[in-house]
Amino acid sequence: MPGPVFIDGDDVTLRTLERDDLDLLHRSRNNPAIRSWLTFETPSAMDDIESFYESTVLGDGNVNLVVCVDGEPAGMVVLFDISRHSAELAAWLFPEYHGEGYGHAASSLLIDHGFSALGLHRIHAKALADNEPSRGTLRSLGFTKVGVARDAVFQRGDYQDMVRYDLLSDEWLTS
């Protein structure tokens with residue numbers, strides 16, 4: 001069961017990621033419908049997930065939140081590599097929650113938190129070139145395409161381009 005509510009939105013609630021949620025991460029990192037878009041190619045054992053939790057979730061420089069829809073865990077939204085002025089946004093949802101606007105809603109809440117509460121100036125994100133749903137979400141949130149890393153990852157049997165985006169605080173605040 002996810003932890004306490006960190007950000008409460010109209011369509012989604014963002015809750016803290018707790019040790020009891022490690023099964024959620026374990027299932028997602030090994031789910032073929034999710035892991036290939038996140039560029040995980042090797043299996044993740046529970047020991048790997050526990051190490052990630054200890055070093056990354058409990059460490060400084062990251063905001064890891066469980067996306068909940070009607071009280072049920074639906075995915076994750078994360079700001080990571082947070083520095084004084086910038087961070088990277090990542091999000092994923094279980095397939096049964098795709099296409100309902102939950103990724104947009106969760107990302108919007110965390111972006112707002114990043115700019116207003118954390119004082120970030122820039123949030124960047126990336127998506128595989130053939131991941132049009134994620135790229136569309138980023139564009140709809142106001143992100144600007146800033147480049148393409150050609151043949152950046154080997155995924156699903158071929159090299160794939162990674163499209164990079166960013167969003168500045170003044171662009172967010174005026175949108």
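## A tour from Ser107 outward

Select Ser107 in this predicted model: leaving aside neighbours within four places in sequence, Ser107 is in contact with Val77, Leu89, Ala91 and Leu141. Colour helix H4 next, since Ser107 is found there. Because its relative accessible area is 4%, below the 20% limit, Ser107 counts as buried. Now show Gly103 as well. Its backbone oxygen lies 2.9 Å from a polar atom of the Ser107 side chain.

Move on to the largest nonpolar core, which holds 45 residues. Select Leu89, Ile111 and Phe143, the members that touch the most others. To see where the core comes from, colour helix H1 (22-30), helix H3 (46-57) and helix H4 (102-116), then strands S3 (63-69), S4 (72-80), S5 (86-93), S6 (122-128) and S8 (158-168); each of these supplies at least two core residues.

Stay with Ile111 and display its surroundings. Apart from neighbours within four places in sequence, Ile111 is in contact with Leu89, Ile123, Leu141, Phe143, Leu167 and Trp172. Leu89 and Leu141 are also among the contacts of Ser107.

The last stop is the largest pocket, with about 1,300 Å³ of space. Select Leu38, Ala90, Ala91, Trp92 and Ser134: of the 47 lining residues, these lie nearest the pocket centre. Ala91 has already appeared as a contact of Ser107. Which strand should be coloured here? Choose S5, which gives the largest share of the lining, six residues. Finally, colour the lining by class: 27 residues are nonpolar, 14 are polar and six are charged.

Methods:
Residues numbered from 1 in each chain as written. Predicted model: local features only at pLDDT ≥ 70, side-chain atom pairs only at ≥ 80, totals over all residues. Heavy atoms only, no water. Core = buried A, V, L, I, M, F, W, Y, C linked by side-chain atoms within 4.5 Å. Buried < 20%, exposed > 50% of the residue type's maximum accessible area, 1.4 Å probe, protein only. Helix = DSSP H or I, 4+ residues; strand = E, 2+ residues; numbered from the N terminus. Contact = heavy atoms within 4.5 Å. 1 Å grid on protein atoms, 1.4 Å probe; cavity = no way out; pocket = protein on both sides within 12 Å on 5 of 7 lines; lining within 4 Å. Points joined across faces, edges and corners; volume = space filled by probe spheres on them. Nonpolar A, V, L, I, M, F, W, Y, C, P; charged D, E, K, R; others polar. Polar contact = N/O pair within 3.5 Å; in protein donor to acceptor, adjacent residues only side chain to side chain.
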